[in-house]
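Please find below a short note on the structure, set out as numbered points. It concerns aromatic rings and one polar side chain.

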Amino acid sequence: MVLVTAPSAHPVFGVPERLVDLGYVPNQEAALERHARYNQIVREVSGSTGADLLDLDALFAGAPPARLGQLFRSDGIHFNQAGLQQAASHAAAEIGRRVPR
């Protein structure tokens with residue numbers, strides 16, 4: 001089993017107001033806190049169960065802002081084509097490292 005954290009451009013670019021306006025989150029701060037907590041829980045469950053962890057959040061968190069803007073859609077949470085390709089390449093490399101040959 002592989003657990004995957006959820007990357008986001010929100011810490012860098014902010015949470016789009018439309019997510020608040022549509023009622024998905026009560027405010028921008030809550031969105032950031034919930035997202036961080038989700039990733040923390042995924043890491044904790046991975047550690048406590050021994051499940052493999054694909055930490056895409058950590059991978060993308062270190063990207064420069066200009067690069068993040070090239071990887072995410074305008075909502076800051078979903079990848080665009082370039083982001084999907086980078087995530088898939090990273091996932092394939094990680095799986096390749098873990099599969100016995």
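How many aromatic pairs does the structure hold?

1. The model is predicted. The structure holds three aromatic pairs. One of them joins Phe60 and Phe79, whose ring centres lie 5.0 Å apart with 45° between the planes. This pair counts as tilted because the angle is neither under 30 degrees, as for stacked rings, nor over 60, as for edge-to-face rings.

2. The pair of Phe60 and Phe79 links distant parts of the chain, 19 residues apart. Phe60 belongs to helix α4 (residues 56-61), whereas Phe79 is found in the loop between α5 (65-71) and α6 (81-98).

3. Are the two rings' residues buried or exposed? Phe60 has a relative accessible area of 2% and is therefore buried. Phe79, with a relative accessible area of 14%, is buried as well. The cut-off for this term is under 20%.

4. Ring pairs also bring in a further residue: Phe60, Phe72 and Phe79 are linked into a cluster.

5. A separate point concerns Thr5, which is placed in the loop between β1 (2-4) and α1 (10-13). Thr5 is buried, as its relative accessible area is 2%.

6. Which backbone nitrogens does the side chain of Thr5 reach? A polar atom of this side chain lies 2.9 Å from the backbone nitrogen of Leu56. The side chain of Thr5 also reaches the backbone nitrogen of Asp57, at 2.8 Å.

7. Leaving aside residues up to four places away in sequence, Thr5 touches Asn39, Val42, Arg43, Leu53, Leu54, Asp55, Leu56 and Asp57.

Technical notes
Residues numbered from 1 in each chain as written. Predicted model: local features only at pLDDT ≥ 70, side-chain atom pairs only at ≥ 80, totals over all residues. Heavy atoms only, no water. Phe/Tyr/Trp six-rings, centres within 6.5 Å; stacked < 30°, edge-to-face > 60°. Helix = DSSP H or I, 4+ residues; strand = E, 2+ residues; numbered from the N terminus. Buried < 20%, exposed > 50% of the residue type's maximum accessible area, 1.4 Å probe, protein only. Polar contact = N/O pair within 3.5 Å; in protein donor to acceptor, adjacent residues only side chain to side chain. Contact = heavy atoms within 4.5 Å.
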